[in-house]
Amino acid sequence: MAQMTVKDLMVESGVAFGTSGARGTVVAMTDRVCYGYTRGFLSYLATLGEFQPGGRVALAGDLRPSTPRILAACARAVRDEGGVPIFCGYVPTPALALYSFAQGIPCLMVTGSHIPSDRNGIKFYRPTGEVLKSDEAGMSSQLVPLPDGAFTADGMLSEAEVLPSVTDVETAYVQRYIDHFGAGSLGGKRIGVYQHSAVGRDILARIVRELGAEIELLGRSESFIPVDTEAIRDEDVVLARDWASAATYDAIISTDGDSDRPLLADENGVWMRGDVLGILSAARVGATAVVTPVSSNTALELSGLFPRCRRTRIGSPYVIAAMREEHAAPSDVVCGYEANGGFLLGSDIPGAGGTTTTALETRDAVLPILLVLTAPGGSVSQQLASLPQRFTFSDRLKEFPPTLGEQLFAMLKAGSRGEQLVLQTKLFGAFTGEARVIDDTDGVRATFSSGEIVHLRGSGNAPELRCYTEADSEDRAVALNRDALGSVKAALGLA
């Protein structure tokens with residue numbers, strides 16, 4: 001029987017840890033690779049006393065075509081490691097996490113989130129929360145067996161693996177929101193539900209309907225659509241505005257592929273940025289400490305709504321780690337959010353009728369949507385207007401090879417801080433003014449004399465260069481992003 005460390009498997013396949021678990025192309029994510037990752041995960045948990053033979057492991061997946069195959073390989077790995085796979089169906093990542101945390105068992109979610117269907121991934125959860133960056137070294141060092149004859153020459157299972165019958169996790173997930181907000185809390189509202197290919201499309205519709213809203217289902221697709229809640233596609237911008245023009249809605253709502261990141265459009269069909277949705281949501285839960293990545297809108301601090309605000313690197317593992325450090329007193333209400341809108345509840349909070357909604361330290365799409373839709377502060381657009389008017393925009397250069405990214409960031413980080421500021425001014429100063437401050441918490445984020453911000457970062461999930469910009473108007477943030485990416489391309493000889 002062959003043996004191999006997870007780290008060696010990563011090198012061999014090119015499937016590595018991103019900001020949210022393992023990610024790679026579908027071609028690279030063979031059954032053998034996914035099997036090895038899963039056994040390494042469980043072997044690591046065994047060293048922590050969080051898994052033992054006979055233990056249950058929950059599995060679920062999204063709706064991309066490669067997901068059932070990968071789930072089967074993961075289920076085989078669970079069995080071969082001595083565990084019992086519990087198949088929870090094709091459900092939102094937070095629904096799976098809610099179940100596994102309540103059961104005190106590990107779980108994994110097969111999903112590529114918002115990335116195209118030629119890629120996929122696996123998110124890993126310990127019995128008490130997401131696998132964090134501090135866990136990756138332990139997983140990577142695990143020596144995993146790869147049984148003789150178990151895989152074909154191209155790395156696929158040589159014998160089919162049949163997934164168990166589905167264990168229901170939807171009911172408890174839906175009930176969480178019915179209990180928190182109360183029956184009828186959306187009464188009188190008319191809401192469009194953009195379904196596309198999100199795994200939680202029917203659950204989301206069910207929740208808002210059971211809360212009393214009149215709903216209309218929009219844009220359902222049986223082929224996978226890579227809806228990104230942070231870099232919103234032009235097609236989705238047009239769709240929402242057209243729907244809002246053709247009918248009357250209080251809001252249009254949606255999620256990304258694995259339904260852990262929200263999309264909320266106002267009554268005019270204008271999508272709200274996820275980091276602004278996070279501010280409104282944090283205010284609604286009465287947060288005393290808010291954690292968000294460095295890329296999020298600075299209206300958080302400018303609002304003056306929160307006693308403590310903390311910035312981290314990009315990725316839910318970093319947000320969660322910081323949230324756990326922010327529980328300074330029993331009365332603290334700690335939450336976090338990301339620029340993509342995923343909201344993380346770090347404290348128990350009171351719900352309707354004396355109920356308690358328990359903390360859920362993983363990205364959730366439903367809670368932030370409902371917090372805004374049930375808020376007493378007027379329409380969605382009116383709530384947005386109540387915040388400091390700072391606007392963010394993000395875009396990306398696709399198919400941006402890692403080697404090119406290394407070249408770019410080596411250039412941006414070379415020399416003293418003063419020399420780096422001079423370079424930022426040279427690159428972007430013609431349209432932003434002089435560079436004043438650089439933050440290299442994650443990538444390189446520069447603030448200019450105009451008050452505008454340009455933040456460059458390599459994606460942790462795909463071969464892309466992310467660009468985040470912030471300005472005093474939406475149009476300016478968009479134009480700034482376009483000009484910044486143009487300058488980067490020119491500097492690298494790509495223009």
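How much volume does the second largest cavity have? In this predicted model, the answer is about 140 Å³. A bit of background helps here: rolling a probe the size of a water molecule over the atoms shows where empty space is left. For this chain, the search turns up 5 cavities of 30 Å³ or more.

The second largest cavity is lined by 19 residues, and the ones closest to its centre are Ser20, Gly21, Phe124, Glu130 and Val131. Several elements chip in with two or more lining residues: β2 (16-18), β7 (119-126), α5 (133-140), α11 (316-325) and β20 (360-364). Strand β7 gives the most, with 3 residues. Sorted by class, the lining of this second largest cavity holds 6 nonpolar, 7 polar and 6 charged residues.

Stepping back to the whole chain, there are 16 helices and 25 strands to keep track of. The C-alpha trace spans about 65 × 60 × 50 Å along its principal axes. How does the radius of gyration sit with the idea of a compact globule? For 495 residues, such a globule would have a value near 23 Å, and the chain comes in at 22 Å, so the two agree. Of those 495 residues, 60% are buried.

Besides the enclosed cavities, there are pockets to look at. The largest pocket contains about 970 Å³ of space. Its lining is made of 41 residues, with Ala231, Ile232, Val237, Arg273 and Phe393 nearest the centre. At least two lining residues come from each of α8 (234-246), β21 (391-397) and α16 (474-491). Strand β21 has the largest share of the lining of the largest pocket, namely 6 residues. By class, that lining divides into 18 nonpolar, 16 charged and 7 polar residues.

Helix α16, one of the elements supplying the lining of the largest pocket, is also home to Arg482. Is Arg482 buried or exposed? Its relative accessibility is 54%, so Arg482 counts as exposed. The C-alpha atoms of Arg482 and Ser394 are separated by 9.5 Å, although these two residues are 88 positions apart along the chain.

Next come the aromatic rings. The structure holds 11 aromatic pairs. One of them joins Phe17 and Tyr37, edge-to-face, with 5.6 Å from centre to centre and 90 degrees between the planes. This pair links distant parts of the chain, as Phe17 belongs to strand β2 and Tyr37 to helix α2 (residues 31-47), 20 residues apart. Phe17 counts as buried because its relative accessibility is 16%, and the cut-off for that label is under 20%. Tyr37 has a relative accessibility of 1%, so Tyr37 counts as buried too.

A second edge-to-face pair brings together Phe428 and Phe448, with centres 6.2 Å apart and planes at 90 degrees. Phe428 sits in helix α15 (residues 417-432) and Phe448 in strand β23 (residues 444-448), so this pair ties together parts that are 20 residues apart in sequence. Both Phe428 and Phe448 are buried.

Which residues do ring pairs link into a cluster? The members are Phe17, Tyr37, Phe41 and Phe124. Phe124 has already come up among the residues closest to the centre of the second largest cavity. Phe224 has a partner of another kind: Arg64 lies over the face of its ring, at 4.1 Å from the ring centre.

The backbone has a couple of details worth a look as well. Most residues other than glycine have a negative phi. His196, however, has a positive phi of about 30 degrees even though it is not a glycine. His196 is placed in strand β10 (residues 190-196). With a relative accessibility of 0%, His196 counts as buried.

Ser259 also has a positive phi, near 60 degrees, and is a residue other than glycine. Where is Ser259 found? Ser259 belongs to the loop between β12 (251-255) and β13 (262-265). The relative accessible area of Ser259 is 3%, so Ser259 is buried.

Methods: Residues numbered from 1 in each chain as written. Predicted model: local features only at pLDDT ≥ 70, side-chain atom pairs only at ≥ 80, totals over all residues. Heavy atoms only, no water. 1 Å grid on protein atoms, 1.4 Å probe; cavity = no way out; pocket = protein on both sides within 12 Å on 5 of 7 lines; lining within 4 Å. Points joined across faces, edges and corners; volume = space filled by probe spheres on them. Helix = DSSP H or I, 4+ residues; strand = E, 2+ residues; numbered from the N terminus. Nonpolar A, V, L, I, M, F, W, Y, C, P; charged D, E, K, R; others polar. Phe/Tyr/Trp six-rings, centres within 6.5 Å; stacked < 30°, edge-to-face > 60°. Buried < 20%, exposed > 50% of the residue type's maximum accessible area, 1.4 Å probe, protein only. Lys NZ or Arg CZ within 6 Å of the ring centre and 35° of its normal. Rg over C-alpha atoms; globule rule 2.2 N^0.38 Å.
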